[in-house]
Amino acid sequence: MNNEITIIDDQTRHLTKAIGTIKSDVMAAVNSNKDIYLKCVNDGEQLLAQANDAMDDNLDEQISTFIKGTKKEIVSMNENRKPITQIFDMVRKGFTTMEDLLSSKNENSVVYKLQEKRDEYTKQKIILERQREEERQRLERIKAAKDKLAQDTRSICNDILTDKLNASSSEINTIFSLITLSNKDVAKEKLQNYPTDIALGKLLSDRKPSVPVEVDEVEAKNIMNSIYKEVHTSIETQYAASIKNQIDELILKFDSKIQELEIAEKARQEAEQKRIEAERLAAEAKVKAEKAAEEAKAKADK
């Protein structure tokens, strides 16, 4: 910053000194150039008037000389104004120098350095915002994965209930359908003592859902345990109630089932007795017929 102040001070001193003499210098330059201008215009108008009347070689030569001369006069006019325009250039340079010292395009200016800081800060903000967005998305993926694991665990528990109910119901119906008079007591005991617990924990352990990669092993275990604690009482109660209801219904039908079996057995025994009696009578008739035939043959032989 001290170097910049020195530059500004130097520019100010030069400008102050130059401006001190600029008024008289301007007047002198203007008067001199004005005289040159008026003389050139006057001489040129006279030549133009003659040329308007008629041109000849002599006038053409005079005009040529005049034009060449005006070029030299223009050079003289430039030389006369040059010190003045140099002062204005110096003034402009003095102001532009100070302006440049504040320009955001000047690498040494405080504005440029401040803009650099802003740019760096903006880049850092963009990086941080991107990191925050990535972290937000990562957390969303983790949450979605956890929610899916919880839902899958809950669905598996419900599937276990459905499958176990279907399997147990089929087994109970099979026991009932295979009741006979000889196994009725054993079958009734089986029905009455049929287990009504579902052992959900073990069945869930055998049918664990797949764990998403976003969920670590410990967290996954906690989620599955949490769902198990949430649903196991309801599922085990529902299973036990359903099995008990089915067994109670079959027990109510048990005596009727036995009566049906007894009636069927009695009918079977009666049919068997009839069959045996029919076979006995047929055998006796056969023997009688054979004996009668022998007797008839014996008589015929005599």
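Student: Which side chain of opposite charge is nearest to Lys257, and how far away is it?
Tutor: The nearest one belongs to Glu260, which is 5.5 Å away, and Lys257 has no salt bridge although it is buried. Please keep in mind while we talk that this is a predicted model.

Student: Why does 5.5 Å leave Lys257 without a salt bridge?
Tutor: A salt bridge here needs a side-chain nitrogen of Lys or Arg within 4 Å of a carboxyl oxygen of Asp or Glu, and for Lys257 the nearest side chain of opposite charge is 5.5 Å away, so no salt bridge is counted.

Student: Where does Lys257 lie, and what does it touch?
Tutor: Lys257 lies in helix H6, and once residues up to four places away in sequence are set aside, it touches Phe176, Ser177 and Ile179.

Student: What about Leu250, is that one buried or exposed?
Tutor: Leu250, which lies in helix H6, counts as buried because its relative accessibility is 7%, and buried means under 20%.

Student: Which residues is Leu250 in contact with?
Tutor: Leaving out its neighbours within four places in sequence, Leu250 is in contact with Ile172, Asn173, Phe176 and Leu191. Phe176 is also touched by Lys257.

Student: And how far is Leu250 from Leu203 in space?
Tutor: From C-alpha to C-alpha the two are 27 Å apart in space, while in sequence Leu250 and Leu203 are separated by 47 residues.

Student: Back to charges, how many salt bridges are there?
Tutor: The count comes to 18 salt bridges. As background, side chains of opposite charge can pair when their charged atoms come close.

Student: Which residue does Asp248 pair with?
Tutor: The side chain of Asp248 meets that of Lys244 in a salt bridge, with 3.0 Å from N to O. Both residues lie in helix H6 (residues 217-301), and they are four residues apart, which is about one turn of the helix.

Student: Why do those two count as partly exposed?
Tutor: Partly exposed covers the range between under 20% and over 50%, and Asp248 falls there because its relative accessible area is 32%, as does Lys244 because its value is 48%.

Student: What does Glu272 pair with, and how many residues apart are they?
Tutor: Glu272 forms a salt bridge with Arg275, and their closest N and O atoms are 2.3 Å apart. Both lie in helix H6, three residues apart, or about one turn of the helix.

Student: And which partner does Glu284 have?
Tutor: Glu284 forms its salt bridge with Arg280, where the closest N and O atoms are 2.4 Å apart, and both of these lie in helix H6, four residues apart. Elsewhere, Glu133, Arg136 and Glu140 are joined into one network by salt bridges that share partners.

Student: New topic, which residues gather in the patch of negative charge?
Tutor: That surface patch brings together Asp56, Asp57, Asp60 and Glu61. Asp56 has its place in the loop between helix H1 (2-53) and helix H2 (57-101), and it counts as partly exposed because its relative accessibility is 43%.

Student: Which residues form the nonpolar patch?
Tutor: Leu102, Val110, Val111 and Leu114 form it on the surface, and together they have about 350 Å² of accessible area.

Student: Where is Leu102, and why does it count as exposed?
Tutor: Leu102 lies in the loop between H2 and helix H3 (110-177), and it counts as exposed because its relative accessibility is 55%, where exposed means over 50%.

Note on methods: Residues are numbered from 1 along each chain as its sequence is written. This is a predicted model: local features need pLDDT of at least 70, side-chain atom pairs count only at pLDDT 80 or more; totals for chains, interfaces and linings use all residues. Side-chain values use heavy atoms; hydrogens and water are left out. Patches are made of residues with over 30% relative accessible area and no salt bridge: like charges are joined within 9 Å, nonpolar side chains (Val, Leu, Ile, Met, Phe, Trp, Tyr) within 5 Å. Accessible areas come from the Shrake-Rupley method with a 1.4 Å probe; for residues, only the protein chains shown count as cover. Lys and Arg count as positive and Asp and Glu as negative; His and the chain ends are not counted. The place of a charge is taken as NZ of Lys, CZ of Arg, CG of Asp or CD of Glu. Helices (H or I, at least four residues) and strands (E, at least two) are DSSP runs, numbered from the N terminus. Buried means under 20% relative accessible area, exposed over 50%, partly exposed in between (1.4 Å probe, protein chains only). Contact means heavy atoms within 4.5 Å.
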